[in-house]
Amino acid sequence: MRRALLTGSAATAVVAGTLTPALAGTDERRCSPTRDDVPVCSTDGSAATATFLDPTATVTGARHVSLGEQIYVGPFAELRASKRAPISIGASSNVQDNVLLDARGGSGIQVGDRVILAHGSSVRGSASIGVESSPLPPQVEDTVDTLEGSVFMSFGSEVDGATVELDSGVSALARVAPGVTLPSGFLVLPGKNVTTDAEASDPALGKVRYLTQADVAFNEAVIHVNESLAREYTELYREDPSAVQGANVDPGGSDVNPDRDLPSFAGEEQAQPDSPNRVIGDVDLADTYDRFTQRTGERIAIRADEGEPFVIGHVDRMDDDVVFHALEHTDVHVGDDVRYGEGAIVHGGGRVVVEGQPEEQTVVGDRVRLGDESVIFRSTIGDGARIGDRSAVVGTDLPAGAVVPPHTIVLNGEVFGAVEW
Amino acid sequence: MTSPVLSRGPAAALLTLAAGLTGCSSASGNDTRATVPAAPSSATVAGPAPVLASATLTDDVDPAAGTWSTTWQACFEPLPGEEDPERWEVQAVTAEGVSPRIEELPGSCVGLQLAQGPGAAPADDPGRTAALADAASLAYRARAVRADGSVTPWSEPVVAGSVG
């Protein structure tokens with residue numbers, strides 16, 4: 001696609017309850033995303049260290065939110081804090097699309113450095129992620145180099161009034177329940193609800209596994225990618241504030257995605273900065289902009305700032321909080337007349353190119369029904385298939401007409417288990 | 001903390017991948033990470049992209065310790081007729097994007113621990129199933145660096161855990 005021309009008006013971020021000037025806090029390398037410090041929250045003016053909040057991110061009690069450097073906050077993320085329940089997020093962390101951090105009702109949420117909060121995940125109440133740590137179990141200590149430390153919370157996962165220590169993780173649609181501590185060196189398995197400390201630290205009980213070197217390597221790469229996004233969106237905003245609004249260009253600027261591409265509606269490339277949803281980059285929608293708007297809800301993030309293009313057929317209905325994202329060169333193709341439930345996540349990635357094996361891409365066929373909070377990741381979904389509410393399909397080819405019951409995890413073509421909460 | 005599991009097989013050709021990305025981990029005799037900086041981004045890109053030579057997935061059981069582990073290794077090679085490279089570089093590719101970091105391989109192979117757990121039957125462990133599914137969100141692509149400093153295009157990314 002051609003490089004887009006940028007024009008525009010001033011950006012406006014959604015900041016509620018923030019009538020006072022920004023307070024830098026006790027650490028001069030942190031800032032609060034008050035009215036004058038969004039969407040770029042910077043302590044030294046440099047894009048290289050700036051934190052970027054998508055203008056659609058919502059911050060409540062911004063004076064009581066403290067952000068480190070190089071944080072990327074994605075579209076429609078929500079940070080809800082108060083004087084009695086502050087939120088702090090450490091450097092190089094990321095808060096991806098439709099993530100919720102709601103500290104109200106608790107004593108606050110602490111998120112450490114290098115924590116990944118992936119699409120649709122949530123943190124509630126009095127919670128700590130990636131701040132505390134304990135000695136790694138011997139199996140991990142002897143085999144894994146944790147580098148600078150990290151935590152990964154996957155799609156649709158939840159930490160509710162719990163502690164998630166450094167060098168741990170929570171898989172897709174899994175949960176850590178109130179009062180539980182997930183210790184360093186363990187990851188909660190997909191869909192599992194960890195309700196006791198024993199379950200959180202004993203793989204034999206079937207809810208957690210040991211951290212591996214692959215987990216660390218994955219986290220390293222994701223952290224670097226999102227640091228880049230914070231910088232590139234900052235630069236895009238400073239070039240043209242309207243360019244980070246609505247349906248618009250991706251920031252480009254990287255060697256893998258150097259160009260700024262506009263989305264297209266019914267074959268016509270166009271920027272729609274006034275759109276309440278975010279459609280970013282090389283997204284090829286079959287619908288006209290008007291029809292797409294009529295068929296879609298609120299807080300929808302279709303973010304082709306890495307993978308492109310996304311090809312999306314005529315939408316039957318797209319409810320609120322839907323997320324699209326994908327890896328570079330990962331073509332996400334969705335057919336016609338697909339119905340997307342509230343909070344559904346369609347994510348490309350994991351393309352296999354081993355000789356003699358077919359490539360795997362994320363393809364959703366015609367007339368597919370995606371349930372509320374369902375997850376499609378690295379999978380092919382046949383025409384007319386139905387994915388139940390809060391189910392995840394990962395690394396799987398589903399035939400036409402297949403039915404995945406609600407609250408079911410499907411990994412690599414087999415039912416892995418139930419979503420327990 | 002190092003990754004001794006990565007020292008099996010052709011140890012000199014394996015990379016302690018994650019450690020090599022930052023170069024800040026403690027060292028040991030098994031640590032094979034590279035010390036030479038990556039080719040500059042302005043390096044001339046020429047010739048065909050390298051290809052995957054082999055990819056294997058190996059389960060090891062340690063009865064004495066009552067544990068198992070699963071290790072993946074992928075090796076790259078230039079196309080026939082291409083000169084042997086001076087060195088190899090890799091870049092991590094994830095479902096969330098491509099890491100800007102480029103890391104040098106000490107040989108032509110990537111090695112990575114993908115799963116581990118208690119007991120002696122990895123095939124029956126749901127933790128292994130989940131770990132391999134998670135690992136498939138991670139891939140690596142490689143390029144060769146020639147003696148004159150020029151580089152090949154990147155190979156196609158190879159998903160962690162894939163075999164061939």
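Is A:S92 buried or exposed, and how many other C-beta atoms lie within 10 Å? A:S92 is buried, with 23 other C-beta atoms within 10 Å. Here "buried" means 20 or more other C-beta atoms within 10 Å of a residue's own, "exposed" means 12 or fewer, and "partly exposed" is in between, with C-beta atoms placed from the backbone.

Before going on, a word about what you're looking at. This is a predicted model, where local features need pLDDT of at least 70 and side-chain atom pairs count only at pLDDT 80 or more, while totals for chains, interfaces and linings use all residues. Residues are numbered from 1 along each chain as its sequence is written, and chains are lettered from A and ligands numbered from 1 in the order in which they are written. The model's scores are ipTM 0.84 and pTM 0.88.

**Odd backbone spots in chain A**

Most residues other than glycine have a negative phi, and most peptide bonds are trans. Against that background, two residues of chain A catch the eye. Neither A:S92 nor A:R390 is a glycine, yet the phi of each is positive. Here they are side by side:

| Residue | Phi | Loop in chain A | Other C-beta atoms within 10 Å |
|---|---|---|---|
| A:S92 | about 60 degrees | between β8 (87-89) and β9 (94-95) | 23 atoms |
| A:R390 | about 55 degrees | between β40 (386-387) and β41 (392-394) | 22 atoms |

Strands, by the way, are DSSP runs (E, at least two residues), helices are DSSP runs too (H or I, at least four), and both are numbered from the N terminus.

There's a cis peptide bond as well: it links A:V38 to A:P39, with omega about 0 degrees. A:P39 sits in the loop between β1 (14-16) and β2 (40-41) of chain A.

**Sheet and helices of chain A**

Chain A also has an open sheet of 9 strands with mixed pairing, in the order β24-β27-β29-β32-β35-β38-β41-β44-β45. Its edges are β24 (247-248) and β45 (414-418), each of which pairs on one side only. Two strands count as paired if DSSP finds at least two bridges between them. Take β29 (residues 301-304) and β32 (residues 323-325) of chain A: they run parallel and are joined by 3 bridges. Look at A:R303 and you'll find its bridge partner in β32(A), namely A:H325.

Then there's helix α3 of chain A, residues 213-239. The expected span of a helix is 1.5 Å times one less than its number of residues, so the 27 residues here should cover 39 Å, and the end C-alpha atoms are indeed 39 Å apart. α3(A) is mostly covered, with 24 of its 27 residues buried.

**Where A:Q139 reaches**

Helix α1 (residues 138-141) of chain A holds A:Q139, which is buried with 21 other C-beta atoms within 10 Å. Leaving out residues up to four places away in sequence, A:Q139 touches A:Y210, B:T67 and B:Q116. Touching, or contact, means C-beta atoms, placed from the backbone, within 7 Å. A:Q139 and A:Y210 are 71 residues apart in sequence but 7.8 Å apart in space, C-alpha to C-alpha.

**Chain B**

Chain B has 2 helices and 7 strands, following the pattern α-β-β-β-β-β-α-β-β along the sequence. Of its 164 residues, 54% count as buried. Among contacts in chain B with a separation of 6 or more, 66% are between residues 24 or more positions apart.

How sure is the predictor here? Its confidence in each residue is pLDDT, from 0 to 100. The mean for chain B is 78, and 76% of its residues reach 70 or more. Over residues 1-36 of chain B, pLDDT stays under 50, and the model has 95 contacts beyond four places in sequence for that stretch.

Conventions
pLDDT is the predictor's confidence in each residue, from 0 to 100. Two residues are in contact if their C-beta atoms, placed from the backbone, lie within 7 Å.
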